[in-house]
Structure formats: structure tokens, C-alpha cells
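Here is a short report on one protein model. Read it with the sequence and the coordinates open.

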Amino acid sequence: MKRKLLFLFALVLTLAISFSAGVPVQAEAELKCISVIGDASVEVAPDTAKISAEIQTVDMDSVKSKDSNLEIADKIMINLKNSGAENVMIDSFSTYACYDYNEGKSLSGYCTNTIISFTINNLEETKTYIDKLIEDGVTSIRNITYSSSNFDKAYEEAIGLAVENAKSKCQCLGGEGLEIVSIKEDYAYSSNYLYKTYCDGIDFGDQNITVNAKVIVKFA
């Protein structure tokens, strides 16, 4: 009788120790997790334009080619500063001999190139500036680079929309009721610069910059 009681006592004690050690009677449900990539884009209007212009002169006398080129460049830079343009500067200067290879190698003159750039904050004046540059002796407009002072704000908006996009995808994947446990910003190419090669008839109107954002969101 005593042996039977001792056996029952030992059995109860073993079960008690097992439960206190965390051995469940029934397995718990596994935690449900979903990771989703959310992305979004926002359009932002530029408010600054950087214009790059080239002055080219050719003369059989290298000194005359250089001097006439710099004379035109000085005049243009003074006019730009007086008209309110900002960051007026010479980006590059070069002078070199040019040859004609159609009938052997013969000197066709000395070429001088000067590239000037400047920025304006009133985009409605872009065409006016370009017309004036050509009138003052600019040979060609190389490019126009647009940018926006509201780029960072637009990116923050795009990030918020990307998170909402991830939530929508999570629901489509059967994740109703799940909560966000982590958000990681992922790489999405986005630049605050919009490059346009100038040509006659270019549209100076809608030149919006596209701001992209991407996030990796984990739901559980």
C-alpha cells in the first residue's frame, strides 16, 4: 500500500515539474508573419533651372580666337548678373587647333570653347534668357537642369504612401488584422535633377520631377 502511494506521489510530482518547466498540454499556434515591399511615386514641380551654354569661336590666329571668345563670355556674364541670374560661372575653357582631313591634313583654324552656366528661380523666364544668350553670341545651349527645393518634403510624402501601399498588399495576401512590427527604408532611385537637352521648340511647361520611395514592411 505504501509503495502504491509513493508511486502515485512520484507521478504527480513529475507532472507538476513538467508543467512548471513550460511543457504545454497543447501546442500553441505559430506566429503569422508577412513581409511586403511597398512603393510609391510623387510628382514635384521644379522651381530652379540651371542653364549651360557654349561659346565657340574659330580663327586662323589662335590669339584672336581666344580673345574674341573671352570677350563674348565676359559680356554675357555681365549681362546675366545684371539680369538677376545666380551662380554665374565658367565651367570649362579650351582652345585647340582644328584640322581638315578631307584632302590630307590641313589647318582649318584655331577653335576656342567656353562653357558658361547659371541658375534662375523664375522658370517662366527660361526662354527669355535663352533668346538673349543666342543674341549675345552663345553658339549653343548644351542642356537645362531642373531641380526643386521641395524635393525632401515630396520624398517624405512618397515614403508615407509607400507604407500605405505595403498595408494594401498585406491585406491582399490574407494579412487582415496583422500589425506592423518593423519598417525598413529600401533603395529606390530618385534624383532631384531633371536633365533636358535644349532644342528649338522645347516645351518649358510641364517639367515635373518624379520622386520615388520604397519600404520593406513586416507584419505579424
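The report runs from the overall fold to one helix, then to the cysteines, the salt bridges and a surface patch.

**Overall fold**

This is a predicted model. The protein chain contains four helices and eight strands. Along the sequence their order is α-β-β-α-β-β-α-β-α-β-β-β. Of the 220 residues in the chain, 30% are buried. Contacts reach far along the sequence: among those with a separation of 6 or more, 80% join residues 24 or more positions apart. The chain exposes about 14,400 Å². Carbon and sulfur atoms supply 53% of that area.

**Helix H4**

Helix H4 covers residues 151-172, 22 residues in total. From first C-alpha to last, H4 reaches 31 Å, close to the 32 Å expected at 1.5 Å a residue. Its buried residues are Phe151, Ala154, Ala158, Ala162, Val163, Ala166 and Cys170. What do the buried residues of H4 pack against? Their partners are strand S1 (34-44), strand S6 (180-186) and strand S8 (209-219). After H4 comes Gly174, with a positive phi near 85°.

**Cysteines**

The structure holds one disulfide. The bond joins Cys98 to Cys111, with an S to S distance of 2.0 Å. Cys98 sits in strand S3 (residues 86-100) and Cys111 in strand S4, so the pair links distant parts of the chain, 13 residues apart. Are Cys98 and Cys111 buried or exposed? Cys98 counts as buried because its relative accessibility is 13%, under the 20% cut-off. Cys111 is buried too, at 8% relative accessible area. Cys172 is in no disulfide. The nearest cysteine sulfur to Cys172 belongs to Cys170, 9.2 Å away. Cys172 is exposed, with a relative accessible area of 68%. Cys33 is partly exposed, at 41%.

**Salt bridges**

The count comes to six salt bridges. Three of them are listed here.

| Pair | N to O distance |
|---|---|
| Asp67 and Lys66 | 2.9 Å |
| Lys132 and Glu135 | 3.8 Å |
| Asp136 and Lys132 | 3.5 Å |

Lys132, Glu135 and Asp136 are linked in a network of salt bridges. The network lies in helix H3 (residues 126-136), where Lys132 and Glu135 are three residues apart and so separated by about one helical turn. Asp136 and Lys132 are four residues apart in H3, again about one turn of the helix. How do the three residues differ in accessibility? Lys132 is partly exposed at 40% relative accessibility. Glu135 is exposed at 62%. Asp136 is buried, with a relative accessible area of 10%.

The pair of Asp67 and Lys66 has partly exposed members. Asp67 has a relative accessible area of 39% and counts as partly exposed. Lys66 falls in that class as well, at 30% relative accessibility.

**Surface patch**

Which residues form a nonpolar patch on the surface? The members are Met60, Tyr99, Tyr101 and Leu107. Together they have about 430 Å² of accessible area. Leu107 belongs to strand S4 (residues 106-120). Leu107 counts as partly exposed because its relative accessibility is 34%, between the 20% and 50% cut-offs.

Conventions. Residues numbered from 1 in each chain as written. Predicted model: local features only at pLDDT ≥ 70, side-chain atom pairs only at ≥ 80, totals over all residues. Heavy atoms only, no water. Patch = residues over 30% accessible without salt bridge, like charges linked within 9 Å, V, L, I, M, F, W, Y side chains within 5 Å. Areas by Shrake-Rupley, 256 points an atom, 1.4 Å probe, with all protein chains shown as cover. Salt bridge = Lys/Arg side-chain N within 4 Å of Asp/Glu carboxyl O. Helix = DSSP H or I, 4+ residues; strand = E, 2+ residues; numbered from the N terminus. Buried < 20%, exposed > 50% of the residue type's maximum accessible area, 1.4 Å probe, protein only. Expected span 1.5 Å × (residues − 1). Contact = heavy atoms within 4.5 Å. Disulfide = S-S within 2.5 Å.
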